[in-house]
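Dear colleague,

I am handing over the structure we spoke about, and below it you will find what came out of going through it. Please read the notes with the structure open beside you.

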Amino acid sequence: MLAEAAPRAGPAGPLVPTPYVVVERREEAADVVTLSIEPAEGSAPTFRHGQFNMVTSFGRGEVAVSMSSAPGAPGPVEHSIRRVGAVTAALCAAPVGSFVGIRGPFGSSWGVDDVEDGVDVVVMAGGIGLAPLRGAVRDLVVRQQSGRGRAFVLAGARSPDQILFDEDLRAWERAGVHVGISVDVGAPGWTGVVGVVTALLPGAPFEASGALALLCGPEIMMRFGGRALVDRGVDARRVRVSLERNMQCGIGLCGHCQLGPLLVCRDGPVVRYGGLADELFMERNR
Amino acid sequence: MNEAARSLLSGHAFLAGFPPEAVELVAEGAQVVTFRPGVLLFREGSPADIAYLVTGGKVAIEVHAPNRGPIVVETMGAGDVVGLSWAAPPFRYQFDARAVDEVEAVAVGTAPLRLALAENPILGFLFLDRLAAVILGRLQATRIRLLDVYGTSDAG
C-alpha cells in the first residue's frame, strides 16, 4: 500500500480540520471501530469527558464523534465509531497510517470532575452510547478506588456480540465497580441478563438520594432510563443525558442541530434531564 | 408455617407494603426452594400451580424452537415473580423457566392462594393490583425491546 500523503494543515480556526494520523484501529464489534489518532503535527488539544470532535473522512464528509478515551490519558485520542452511513463506513475502514481531519473539541461535558465526594454515580449506557461515557467511567473508577464515591455502570446492548468495551467492563468490575450488562436478545451460551437496560436498576445498590446519573444511548432508551432513575429516587436535575443531533459547524453558528432552545453542538451534547431534556424528549414537532 | 419462607417473603419486593395478613396468606404452605444451574423450574404447557418469588440468582424465561434450542426471552432475578400464568385461564405456563445460576426462591402454591384471594376480595384486589403493575412493567419493557433501539440510526 502506498503511504498516504498528509493533508496540509489548515490555518487555525474552528471550521478548519486539522490532520490527524490513525495510529491504531481496533474492531469493537461487527459495526464499531475504535480509531486511535494523533495530530500529524504538534499535540492534541485537551478535552473534557463527553465532548465531541467533528471527524472528517477526506473527500467523503464529516461527522460528530465523542472521544472514547479519558481526558489527559497518555497516548493517542480514541474515537469509537459505529458504521451507519457513508462517512462512518469510510472512517471505520480507515487503515493505520491514514489521515482523518479533526475539529474540536466541542460541547459540554459530563462534569464528573465536579462531583461531590461521597456521592454515588450511576452510568447508564446503551449500545454505542457507552463510548462517550468510557473516559468518564475510567476516571470514576479511580475516584472510587480513592474512596471518593462509588460508581455503577449499567450497559445495554442489542445482543451479546454487540457489547462494547468488554475488556473495560471486566476491568472495571475487577476494580470493584458494580457493572451490570443486559442484552435485548440472548444467544446460546449467554448467561447474563436478557431485558431492557432499566431491568438492571433493581440489582444496582446505589444510594439514590444525592446520586448523579449519566445516560447515553438511543434517545428512547434515555427517555425510559431517565424516568426509571427518577422513579428510583434520583433527583431529575441530577440526571444528565447526551443528545445526538445533526451537528455540522460545531460552534453554534449553522443551526442544524437546533433542538428547542438548544443548539446541541454548543449547549450540549450533555444537558440535564430534569426540566430540560425530559420536556424536549416529549416534543412531537421535531 | 414455614418460618424461613415467611422471613424471605416479608422482605420480597412483590409483597412490599402489603399488610401482614397478606404476607401470612402467601406464606401459608410456601416453601423455600433452590435450583442448580440448568434445572427447569417449570415447563411450557404444564399446570401453573406454583409461583416462584425469586430471592436470589437468575432465572431465564425460555421458549424452545426447533433446530435452535432454547431461546431466552427474558431473565428474572431477586425481587421478581416467575410464573404469572396462574393469574388467568388456562392456568398453564406459557414458557419454560430455567435456573441460569444457583437460584433461591419461595415456591407458593397458587391453587389455595386463588381460593383464599377469592374469599377475601380486599386482599384479592391488593394482589391483582400488584400483579397488574408487574405485568404492565413487563409489557412496557417488551415494547421497548420491540423498538430495537440499538439497531437503527440516522447518523452519517
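Between chain B and chain A there is one salt bridge, and in this predicted model it joins A:Arg158 to B:Asp148, with the closest N and O atoms 2.6 Å apart. On the chain B side of this contact, β5 (69-76) and α4 (121-146) each supply at least two of the residues that touch chain A, and β5(B) gives the most, with four residues. Polar contacts between chain B and chain A come to five residue pairs, both residues of each pair being at pLDDT 80 or more. Taken as a whole, the interface brings 18 residues of chain B into contact with 26 residues of chain A, and the two chains bury about 1800 Å² between them, of which 61% is on carbon and sulfur atoms.

A second interface lies within chain A, which is divided into domain 1 (18-106) and domain 2 (121-282). The C-alpha centres of these two domains of chain A are 21 Å apart, while 24 residues of domain 1 are in contact with 21 residues of domain 2. Together the two domains of chain A bury about 1600 Å², with 58% of that area on carbon and sulfur atoms, and A:His49, A:Phe52 and A:Ser68 supply 25% of the area that domain 1 buries against domain 2, more than any other three residues.

Here too the rule finds one salt bridge across the interface of domain 1 and domain 2 of chain A, and A:Glu78 forms a salt bridge with A:Arg134 in which the closest N and O atoms are 2.7 Å apart. The polar contacts between the two domains of chain A number five residue pairs, again with both residues at pLDDT 80 or more. On the domain 1 side, the elements of chain A that give two or more residues to the surface touching domain 2 are β1 (18-29), β2 (32-39), β3, β4 (61-66), β5 (77-82) and β6 (99-106).

Strand β3 of chain A (residues 52-57) also contains A:Ser57, which counts as buried because its relative accessibility is 6%, under the 20% cut-off. Leaving out residues up to four places away in sequence, A:Ser57 touches A:Val87, A:Ala90 and A:Leu91.

Turning to the nonpolar cores, the largest has 42 residues, and A:Phe206, A:Leu229 and A:Val241 are the ones that touch the most other members. Helix α6 of chain A (residues 273-282) gives the most to this core, with five residues, and the core draws at least three residues from each of domain 1 and domain 2 of chain A. Apart from this core lies another, of 39 residues, which includes B:Ala97, B:Val103, B:Leu113 and B:Phe127.

Two parts of the 42-residue core may be worth following on the model. Neighbours within four places in sequence aside, A:Val241 is in contact with A:Trp110, A:Leu215, A:Met222, A:Pro269, A:Val270, A:Val271, A:Tyr273, A:Ala277 and A:Phe281. Of these contacts, A:Tyr273, A:Ala277 and A:Phe281 are among the buried residues of α6(A), which are A:Tyr273, A:Gly274, A:Leu276, A:Ala277, A:Leu280 and A:Phe281. An α-helix has 3.6 residues a turn, so residues three or four places apart point the same way. The buried residues of α6(A) pack against α4 (219-232), β12 (239-242), β13 (258-259), β14 (262-263) and β15 (270-272) of chain A.

With best regards

Key: Residues are numbered from 1 along each chain as its sequence is written. Chains are lettered from A and ligands numbered from 1 in the order in which they are written. This is a predicted model: local features need pLDDT of at least 70, side-chain atom pairs count only at pLDDT 80 or more; totals for chains, interfaces and linings use all residues. Side-chain values use heavy atoms; hydrogens and water are left out. Buried means under 20% relative accessible area, exposed over 50%, partly exposed in between (1.4 Å probe, protein chains only). Contact means heavy atoms within 4.5 Å. A nonpolar core is a set of buried Ala, Val, Leu, Ile, Met, Phe, Trp, Tyr and Cys residues joined through side-chain atoms within 4.5 Å. Domain bounds come from an automatic or database domain assignment. Buried area is the accessible area (1.4 Å probe) that two parts lose on being put together, summed over both. A salt bridge is a side-chain nitrogen of Lys or Arg within 4 Å of a carboxyl oxygen of Asp or Glu. A polar contact is a pair of N or O atoms within 3.5 Å; within protein, one must be able to donate a hydrogen and the other to accept it, and residues adjacent in sequence count only if both atoms are side-chain atoms.
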